[in-house]
Structures are given as C-alpha cells and as structure tokens.
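Here are a few notes to read with the model open beside you. Take them one at a time and find each spot as you go.

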Amino acid sequence: MTELDNRNILAWGSENQEKLSRLRVAVVGSGPLAQLIIASLAGLGVGYSENGGAIINIDNNRINNREIDFLCEQTTDTINKEKVKQFKKVVTQIKPYCNYIPLFTDFCTADLYRFESEIIIEATNDPVSKEKALNYSMVYRIPFLSGSADQTKGAAASYFGKEKPDLEKLVLPQFRGRLQEGYTSSVVAGLILEELRKHTFRYSDRSGKSLSADRNLSDNEIIYYNSHSISRNSFRDDFSRKKLDLKNKKILVVGSGALGNFLGISLGYLGIGKIDFLDFDTVESHNLSRQILLYGKVGEKKCLTLAERVNKMNSSSKTSAFYGKVGKINLDEDKDWLRELYETEKEQWKLKPKGRREETFPKTLLNFKNRHYSLSPAEKRDGLVLITKEWLSRQNYDLILGGVDNKFARLWINQAGRCCKLPYIDGGSGPKSGQLAVYIPGKTKCIDCQLDLRHFPTRNSCIDGPEASVVMSNSLVAGMMVGEAVNLFEGNIKKRDNLTLRYQVLNQKRILVDNEKKLRDHYC
Ligand SMILES: [Zn+2]
C-alpha cells in the first residue's frame, strides 16, 4: 500500500485496504465490462505485488477497430495484438505496483491453478465461458462472481459454494451474444466490485460490529439493473428501445473527478456526438485510484485529459475541455434564490459549534456571493473562467451531467438549467451510497425541489476533511446517470414530480427509484 491508496484508506481504514491489496483475483473477458472491472480493481489497490496480490486476466481476443476500448489504444501498431497484453500498459499506469498478469488464452488452457487465484470474476456475455469458470470455482472452492450486460441492462450474480448451484441461472443466458454497452457495464462493474469488497471485509457500525445488512448476494441470487424498467432493477422491459441519433447530441459534463471519469467512459461508449468537459482542477497522484482515465497525467488539467482520452477511445465523439468553474451570479436575476440560500446557510452556520465552522459568516449577500461564486486572483491569473448562463444557452446543449461535490455548484447549475430550459442530471456518491436526480424542464421538478439542496449540510473541506467516495459507487452512479440520459433522449420519462435514483450498498436490491414524494417547493 502506498499514498496512492489514501482515498481508499479514508473510506475503510488501512487494515481493510491491506486485505484488498493481497487479493489474487482472476478476471475472464476483455469487453467493456471486463475493462471497467480491471481498471477499478487496479484503482482499488487490488493485486499489490509486494503483498502477494495479483490481477490475472484471461482472454483470447485481439484488438480490432470495430470495437471501442479504453484500456488499450487502437493504433496501426496495436491492431491485431493480444488485448490483455495491451491492457498492461494502462493498468500499471493506474497503479504502478499492480501485479497484472495477462493470460492470452482460452479458459481451459489457462492453467489458472498455477496462479492461485482466490476469486474468479467472469465478465463476458458467454454462458459457455461462465460455465467453465463456475466449474473451476467449484472444483477449487473459490468464490465465483458473474456479470453480463447488454445495450440497456445488466446483471450480477455470485456463487460462494453454500448451496447447490443453479447453473441455468448463474451463467446469465439472457445475455448470450449481446453487445455490452458502456453505461450498463459501468453499473454491473460497480455491483461486482462491491460483492468483492463485501467478500473481503464488511462495513461496521460505530461500535466496530460488522453491519449484518452489508452482506453478499446469496448463492444463485441475481441483481439486475435495467434502464428500461420502471423500477430500474427488474429484468422485464417497460420501455421499448428507440432508434436514436446520438451523433447529434451535445452534452456538458460538469466536474472531471470521480463521477466525471466514469461519465466520460459511458458517454464515449455510447458515441455521443459532442461531449464537453468543464472542470477547474489538476490531476494529483491520489486521484488515480478513482479517476481511472487520468493515469500518467499528474499535474495536468483534468478536463483536458478527459477530453483527450474520451476522444481517443471513440473518435466519433468530438470532445472539448473548458477550464472553468460554475458560475457567475447576476445579482439582479439571481437575488431571490441566492438570498434564500444565504439565510439558510446563516441559520446552519449559527447551529454549528465553534471550531466546526468558518470563523465568520459573510455579512452581506455580496460577500456571500464572492465567497462561493467567484474566482481568486490566483485562479484568474491561471486563466480559469467563471461560466455564465448566457454562455450556457449559446452552447445549445441537450443536457448537463453534473458530477460536482458541493451544493453551491449544484444550485448554480440547477438555476441555470431552469433559466435556459436545459435538462440536468445531478449525481453524487459516498462510500455506502450514491444518488442521482433528473431534472427535465416541464416534466420534473428541479433538483433543488427534489433533493432540497439548500438544506444539504455544508461541508468544509479544511475542517471536515475530504469526503471519501469509492470507485464502486462512482462507477454505478455515473452508469445510471447515462442510462437516464438515454431515457431522456428516447422520451421514456413521462411527466412526474421527481425522478431520483439511489444506490444503496445495504439494500437488498441495491438500485432503487425513490418514490417518496416529500418535495420542497422552492421555485417550480
Ligand atoms: Zn424546483
């Protein structure tokens, strides 16, 4: 373990991180799902060579230019090369100490036994391959995790050897021969990695007792994600698939951090015609464990790196980067909501004990605006810009996807979305949960009404420390956000008050649509 894992250690402590780092995990496959699983495993710090860990990747496909990959490059030099061997270059940039072992072979001849894997993850859509992996896991008594995904849905299953295996179910035959989409794979990868984490250690309560609800799936149990089902977690489709021209769509991704990276991957797989990344941050080494596209770019601007990498993975997605922040306040137009936010914040500040809050609270609305919605002289010198509503409306976006980490940015985007009649999908994630809310002007209430943003606790990163989110919830939430983007473009979302989706580690279904109607009525 190194300082590269300090965000993971924040989430679950160094003892648990140590357990993860020792794991020897075999992954079968090289498609979008396998790539997402492998990149995230490396991010998690699994397979630390010095601790005896390893990621063993079994697959016999070669790179071809009909497929989209993010874990290897498609150049004239790499076409027809063994995919798993090419992955090594990227995996060891995500985590330099990762002991990644590519086995370019068929499962039967892999002689996996030599590599002493302790857990096997089958990530193809091939029931025959899954059956072989399951048989292997039964013979050597190691856990079997299985995932598959298609264009709109995905599934995860596991077998830990406690019950008689239901072969017909565990090989996920519904996905046979289907192509794996990026966003469905992103959700399934998150589910699978969470199962791996639960198998390795469980979260505990304040007294240190492990949480009984933080349990693995039972043998033969399957969890589904389905963007085309009303519950989002049943295999059965409620919406039909429509032919879409995604080449004409233009999306702004705000935030190029943990969610932004996974959003970029899913959008790149979909082949959205134009993707813009807005961010003000530069890459730091501890980012690489969750922000899996930023490898090898420490010190560079995150938005530029994402734009470059997403365009590289799918050249039909044109990308741009905006080194900027949200956003500019116009005190004439924004006075009402800003005043309300100011008063709410003031009340919350008063309730906080001294030492847990900023020393002073801004005396005027103008001071408040300057604290939360302005650039420092250093930021200005650095060329950072504060974006405006006018700029947003000129860009003609079809949608904003937000992966930001504070309520001030969220509220600004929400207001801008309302003014410019721009749909906005807001995502957020923590270690044990994540959520996203969909705002479609004229169809759903705004994000502020759905989530009551202004009453969100205000974190102070200097005092409270950085909040640790983990790769699983980011992968899941970003995948589901892109799933809702597809639903928006397909017209599957009917007029309703709220559309909030949740990911809850401790819930048996994991993925839920929040049907609670406790909406605030701020402005809508
Ligand atoms: Zn509202």
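1. Start with helix α8, in what is a predicted model. Eight names to look up here: Lys302, Cys303, Thr305, Leu306, Ala307, Arg309, Val310 and Met313 are buried in α8. Don't skip over Lys302 and Arg309 as you click through; they are on that buried list too.

2. So what sits on top of those residues? The cover over the buried part of α8 includes the helix α7 (258–270), along with the strands β9 (274–279) and β10 (318–326).

3. Here's a quick check you can do yourself on α8. The helix has twelve residues (302–313), and at 1.5 Å a residue it should span 16 Å. The C-alpha atoms at its two ends are 16 Å apart, so the expectation and the model agree.

4. Next, zoom out to the domains. The assignment splits the chain into domain 1 (3–226), domain 2 (246–328 + 374–514) and domain 3 (330–372). Notice that domain 2 comes in two pieces of sequence. Going by C-alpha atoms, the centres of domain 1 and domain 3 lie 46 Å apart.

5. Now for the second largest pocket, which holds about 940 Å³ of space. It is lined by 38 residues, and Gly31, Pro32, Glu67, Leu179 and Gln180 are the closest to its centre. Elements giving two or more residues to this lining are β2 (54–59), α4 (127–139) and α7.

6. What is that lining made of? By class, the second largest pocket has ten nonpolar, 16 polar and twelve charged lining residues. Domain 1 and domain 2 each supply at least three residues to the lining.

Notes
Residues are numbered from 1 along each chain as its sequence is written. This is a predicted model: local features need pLDDT of at least 70, side-chain atom pairs count only at pLDDT 80 or more; totals for chains, interfaces and linings use all residues. Side-chain values use heavy atoms; hydrogens and water are left out. Helices (H or I, at least four residues) and strands (E, at least two) are DSSP runs, numbered from the N terminus. The expected span of a helix is 1.5 Å times one less than its number of residues. Buried means under 20% relative accessible area, exposed over 50%, partly exposed in between (1.4 Å probe, protein chains only). Contact means heavy atoms within 4.5 Å. On a 1 Å grid over the protein atoms alone, a cavity is a set of points where a 1.4 Å probe fits but cannot get out, and a pocket is an open set with protein on both sides within 12 Å along at least five of seven lines; lining residues have an atom within 4 Å of a point. Grid points are joined across faces, edges and corners, and a volume is the space filled by probe spheres set on the points. Ala, Val, Leu, Ile, Met, Phe, Trp, Tyr, Cys and Pro count as nonpolar, Asp, Glu, Lys and Arg as charged, and the others, Gly among them, as polar. Domain bounds come from an automatic or database domain assignment.
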